[in-house]
Structure formats: C-alpha cells, structure tokens
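Here are some exercises to work through with the model open beside you. Try each task before you read its solution.

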Amino acid sequence: MTAVTETDFAVAFPRAHAAVAGDRDAGQHSGMQLYVSRDGEVLADVAVGEDRPGEPLGRERLMCWLSAGKPATAVAVLRLIELGRFGLDTPVVKVVPEFAGGGKEAITVRHLLTHTAGIRNVEHGYPDVAWGETVARVCAASVEDGWVVGQSAGYHVASSWFVLGEVVRRAGGRAVEDFVRDEVLVPGGAGESRLAWRAEELDAVRPRVAAVYQRTGKTVSPLDWATDTRLTRASPGSSLRGPVADLGRFYERLLAVLGGDASGPVSPETARLMTTRHRAGVFDETFKRVLDMGLGIFVRTDPAGQGPVPYGFGAHASDAAFGHGGAQSAIGFADPRHGLVVAWAVNTRIGEPRHAARNHAFNTAIYEDLGLGE
C-alpha cells in the first residue's frame, strides 16, 4: 500500500514517521513532503503537517529544493556534452569567452561540476540583479588565493552554477530554465517543477508555492522567498521548486537509465559517468569534511569518524548511493544496490549542524523500516 496519508505513513514507516513527528513536535518544522519508491514501486507519496498556520501542506505544493536541484542542471550540461556542443574537459572560456581573467583560463566544465574551480565566494547579486549582470559578476571574479584548480576542493553554493547555466544557455540556444524544463524535467517525469516561471504563469503558480521558514534559536520567521523576482529569475544551483514527488521521479528516471533504459535525458553511459566518483577521499574546504563527488552530485561518503555527513544518505546507504541535499531542508537520492529512491523536503531551515543530524536520522530510519539496515 502506498502511504498517502500521515496514518498510512505511520503504519508503513514507523521509525521514519517517529523521526518526522519528533522533529515537528520539537518545532524544527511544521510541514513535510516525502516520497519513497523501491524498484519503481511507490511506497510513500505523502505530505504531513501545515504549510502556513491552519493550512495543510498538500502534495501538490511547490517546495523549495534549493541545492537538491543541482543535479537537474548537471544533467542538462551532460546532455549538451552528448550532443557534441562541448566536452567535459573543455575550458569554460571556449563557450563563455568573457570568463577569462583572474586565473580562470584553465577552469573546465568538469571543474565546475566537481566544485574544484575555486570561485566560491562571488557577490553574484541573485535575485536582485538580472541574469546577464549576475553572469558578468562571476566572470569578473578571480580564483581564490592558494587554490589549485582541479585539485583543491570546496563546495560552490551558487557562483559556478551561474556559469554552468550560461554554458547551457549559449550551447543549448535557450535560457537555462527552459532547457532544463524541456530536456530534463518534463522527460524525467518532473514536469510540475521549474527553475523559474514566466511572468504570465505567476497567477496560476502563486497559490501552490509552499512557505519557507527559518528557525534561529527558538524564533521561527517566514522567509520572503515567493516574490515575483525570485519566481521568475533562475539560479541554476538553487531555485528549483516543485512537488517532492517530482524530485523522486527524477531519481527513478536516473536509476532506469543506469539500468539500461536508453530513453532518458542522457545515455546509460553518461549516467554512469555522472554517478562515478570524480572526487574521492578529498577534503572539502567549504564543509570541512571529506566528501566524494560525481559530476554535480554527491556519492556516498564513508562517514567513519566524521559524524553525520552534510547531504548524506543515512547510516545504511550502499557505496553506490548518489544524490544531493538542499540547504538545511531537503534531499533527494537513489541507491542502485537496493533500487531505492528517497526524496523529502521540510518547510523550515534550522541551521546546517541540526539539519545534518535530522537528515541522517530520517534517511537511516527509512532504510530500517524497509529492512535494509545493516
């Protein structure tokens, strides 16, 4: 039985429900969407709690995926590589000439996707300035002092993803939000989700946009993240919104492609390349942890001695598991060894340390409810 109500969820996933309910009772969130499938069978597609006070959070609400949406942009980049528009090791300046300068000439598409470019802390201006200005600001930046491009590693929250979005725009012949929609989201069963909407779509979209809150200490405050500016301007590394079920279906599609289905947005060979470790055993200067990465995606890192790993998949994930989290609130991942897909988002950000702990607890509980605990 698919868990579609909170009662169904509590019966099918008692440990996970207890973790979710405990987090909610502690005031760490007031609403959550969750999607779980195994071998293509949907086991949970549920929304629990409230969106705004007194208003239930439905499964149709558009949740902020934040960085959990980065893999969709990565797939768009890899799709263009398959089309022969550029290569993984093509210098970015070959596609975006104004990216030159500041020691960036050697930065390749691969470096951007593996967070080894060294342009982390750029004042990009999103969402207050238009796309062209944001790209210009990143292009004007210099590589960080002491950074060895391709060897030094540190998670880039947004800057490098604007460059990847510009690469997609120029090589794909349309805005990054349109390319990702047409070539990745819609074919992948995630057609309700978008990096950005057109202005004429906003009247229909606004009622579905879920609220986002920030907890600081004991104070919970709403974030003003549903403005017209934010809804119509893309951030390729952070602006994806949609029902969490769409995020789950995105990973189901990747699993199908990895299994040999040639009808996906990329080939099985490219999907395997994406989810192979391109960074292994490397210390990440942003997260201050060793983190393994594929191309625009995290691959399961052994957390021994590190505590809960940022954007980790829980205690029982296999070495083949891959996915990506969203800052303080969301995650989507797949575990090919178990045919498992998990995606969820809560509506309250609580700071990275506390979120890393709840992320670890939620994901670990899902494995144990399915009898997959070690």
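## Exercise 1: A small sheet

Strand β4 (residues 213-216) pairs with β5 in the antiparallel sense, over four bridges. This is a predicted model, in which local features need pLDDT of at least 70 and side-chain atom pairs count only at pLDDT 80 or more, while totals for chains, interfaces and linings use all residues. Residues are numbered from 1 along each chain as its sequence is written, and side-chain values use heavy atoms, with hydrogens and water left out.

**Task.** Find which residue stands opposite T216 in β5, then work out which strands stand at the edges of the sheet.

**Solution.** Begin with the terms: helices (H or I, at least four residues) and strands (E, at least two) are DSSP runs, numbered from the N terminus. Two strands pair if DSSP finds at least two bridges between them.
1. Opposite T216 you will find T219 of β5.
2. The open sheet has three strands in the order β5-β4-β14, with mixed pairing.
3. β5 (219-222) and β14 (348-349) each have a single partner strand, so they stand at the edges and one side of each lacks a neighbour in the sheet.

## Exercise 2: The seven-stranded sheet

**Task.** Trace the order of the seven strands in the open sheet, and look at how β1 meets β2.

**Solution.**
1. The order reads β2-β1-β13-β12-β11-β10-β9, and the pairing is antiparallel.
2. β2 and β9 (292-293) are the edge strands, each pairing on one side only.
3. Strand β1 (residues 31-38) runs antiparallel to strand β2 (residues 41-49), and eight bridges join them. Within this pair, M32 has V48 of β2 as its bridge partner.
4. Two residues lie between the strands of the β1 and β2 hairpin, where D39 takes a positive phi near 55°.
5. Further along, strand β12 (residues 330-335) and strand β13 (residues 340-346) are antiparallel and joined by six bridges. Here F333 stands opposite V342 in β13.

## Exercise 3: Two helix pairs

**Task.** At what angle do α5 and α6 pack, and at what angle do α3 and α7 cross?

**Solution.** Axes are lines fitted to C-alpha atoms, for helices over the stretch in contact, and angles run from 0 to 180 degrees between N-to-C directions. Angles under 35 degrees count as roughly parallel, over 145 as roughly antiparallel, 65 to 115 as roughly perpendicular and the rest as oblique. Contact means heavy atoms within 4.5 Å.
1. Helix α5 (residues 131-139) packs on helix α6 (residues 159-172) at about 120°, with the axes 9 Å apart. That makes α5 oblique to α6.
2. On the α5 side, the contact residues are W131, T134, V135 and V138, and those of α6 include F162 and R169.
3. Helix α3 (residues 70-82) and helix α7 (residues 176-185) have axes that come within 9 Å and cross at roughly 80°. These two helices are therefore roughly perpendicular to each other.
4. Among the residues that meet are V75 and L80 in α3, and F179 and V184 in α7.

## Exercise 4: One histidine

**Task.** Is H111 buried or exposed?

**Solution.**
1. Locate H111 in helix α4 (residues 109-113).
2. Its relative accessible area is 14%, so H111 is buried (buried means under 20%, exposed over 50%, partly exposed in between, with a 1.4 Å probe and protein chains only).
3. Leaving aside neighbours within four places in sequence, H111 is in contact with A106, T116, A117, V149 and G150.
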